[in-house]
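Got your viewer open? Here's a short walk through the model, one selection at a time.

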Amino acid sequence: MTSNAGSLASLKVIDASRVLGGPYAGQVLADHGADVIKIEPPAGDETRGWGPPFLNGTASYFLGLNRNKRGMALDLARPAGQELLLALLETADVFIENFKTGTLERWGLTREELTRRFPRLVHCRVSGFGADGPLGGLPGYDAAIQASAGIMSVNGELGGQPLRVGLPVVDMVTGLNAVVGILMALNERASSGKGQFVETTLYDCGVSLLHPHLPNYYLSGKVAQPSGNAHPNICPYDTFETGTDPIFLAVGNNRQFATLCEIIGRPDLPKDPRFASNGERNLSRDVLKSELESALRAFECGPLADRLIKSGVPCGAVRTIDQVVAEPHTRHREMVVDIGAYRGTGSPIKMSRTPASYRLAPPGFAEHTDEILEELAIDGERYREVLPGLDPETKTKRA
């Protein structure tokens, strides 16, 4: 038996975050059933304009992070907006925000005040560097953190300049860690009855990604440099030329290495003392790469990759984005989601009884304001000045 409600169907989340880390966390919760209300400022989440491409005036960047949410716009800079936020939090389990450090405090919404008003609330903050310390309160964006946290220093071609990873890996892992922290806090609340403050910062998460470079440095004292696609500890673990397209070989043990060499017609290589173990292969990696590529050039990449992986050798043809979308296994794993004109990327979290579901396309600006106010029995007219998206034709009036 499976449930379409999702494992988090009992949760109500107020997502007042913008850009990437916080919204990504909110979408993960929403995909698994939580009722997530996205609160946008009067000008909207800036990622609505981060295009082209656009769908009905909204950029793909926003669409990729805000599925399954209901949307409303609220001017929180005004006291009436802050009052309405507190009304929303009355029935919420989780509050996600990434306001600049000190913003909530200026509004009188300190952590202590939120705890006093809502003792069961899990308050999650995503920030650049945290509120204190030498860099406390400073702004952070993914690429800048990739630089300052050391990620760029180990990415790039051998002997080349440091290079940004080609996706917002820091933002995304910060969002994922926010979800982990929220679920931990909710689990603890089940026994204590109390919520708590959860914080994930881009800087902390960026540093946490430096594996195995930090463990290597702790043990050896050597500072890692860019090494292209090669792994600093494992060999062969790199991109190799074939007769057609490049292939990535991720050979983690001697058995896999022997199988690789047998298939490409070089069964002699594992017997060579220079290549007998991973440690020896690391010391002779340049010679080994030359030997492997001389054999690999006799093969077409696609058929070879298929044969190798089915023989137990981890590898992959280097694909483009369109090839990934067209790959049958991508569809089989339900990693492409269609909701009307919206197309998005599916949840990678698979659950047997309470799977993720895709119920709502990302909201238009303030699309659900009237619906949300009606549920809370709030008179929209009273707050019209702080509700830029309130439909002038609506009759949302409650006591």
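Helices here are DSSP runs of at least four residues, numbered from the N terminus. Keep in mind that this is a predicted model.

Start with Tyr218, which sits in helix H9, residues 213–220. Tyr218 is exposed, at 62% relative accessible area. Add Tyr217 and Val223 to your selection, and you have a nonpolar surface patch of about 370 Å².

Next, pick Glu113 and Arg117. They form a salt bridge, with the closest N and O atoms 2.9 Å apart. Both belong to helix H5 (residues 111–117) and, being 4 residues apart, are separated by about one helical turn. Glu113 is buried at 19%, while Arg117 is partly exposed at 38%.

Now select Arg382 and Glu83, another salt bridge, this one with its closest N and O atoms 2.8 Å apart. Arg382 lies in the segment after helix H16 (369–375) and Glu83 in helix H3 (residues 79–89), so the pair ties together parts that are 299 residues apart in sequence. Arg382 is exposed, at 58%; Glu83 counts as partly exposed, at 36%.

For a network of salt bridges, light up Asp35, Arg70, Glu371 and Glu375 together. The structure holds 25 salt bridges.

Last stop: cysteines. How many disulfides does the structure hold? It holds 0. Try Cys235: the closest cysteine sulfur, in Cys261, is 11 Å from its own, too far for a bond. Cys301 has its closest cysteine sulfur in Cys315, 8.2 Å away, and that is also too far for a bond. Cys235 is buried at 6% relative accessible area, and Cys301 is buried at 2%.

Conventions: Residues are numbered from 1 along each chain as its sequence is written. This is a predicted model: local features need pLDDT of at least 70, side-chain atom pairs count only at pLDDT 80 or more; totals for chains, interfaces and linings use all residues. Side-chain values use heavy atoms; hydrogens and water are left out. Patches are made of residues with over 30% relative accessible area and no salt bridge: like charges are joined within 9 Å, nonpolar side chains (Val, Leu, Ile, Met, Phe, Trp, Tyr) within 5 Å. Accessible areas come from the Shrake-Rupley method with a 1.4 Å probe; for residues, only the protein chains shown count as cover. A salt bridge is a side-chain nitrogen of Lys or Arg within 4 Å of a carboxyl oxygen of Asp or Glu. Helices (H or I, at least four residues) and strands (E, at least two) are DSSP runs, numbered from the N terminus. Buried means under 20% relative accessible area, exposed over 50%, partly exposed in between (1.4 Å probe, protein chains only). A disulfide is a pair of cysteine sulfur atoms within 2.5 Å.
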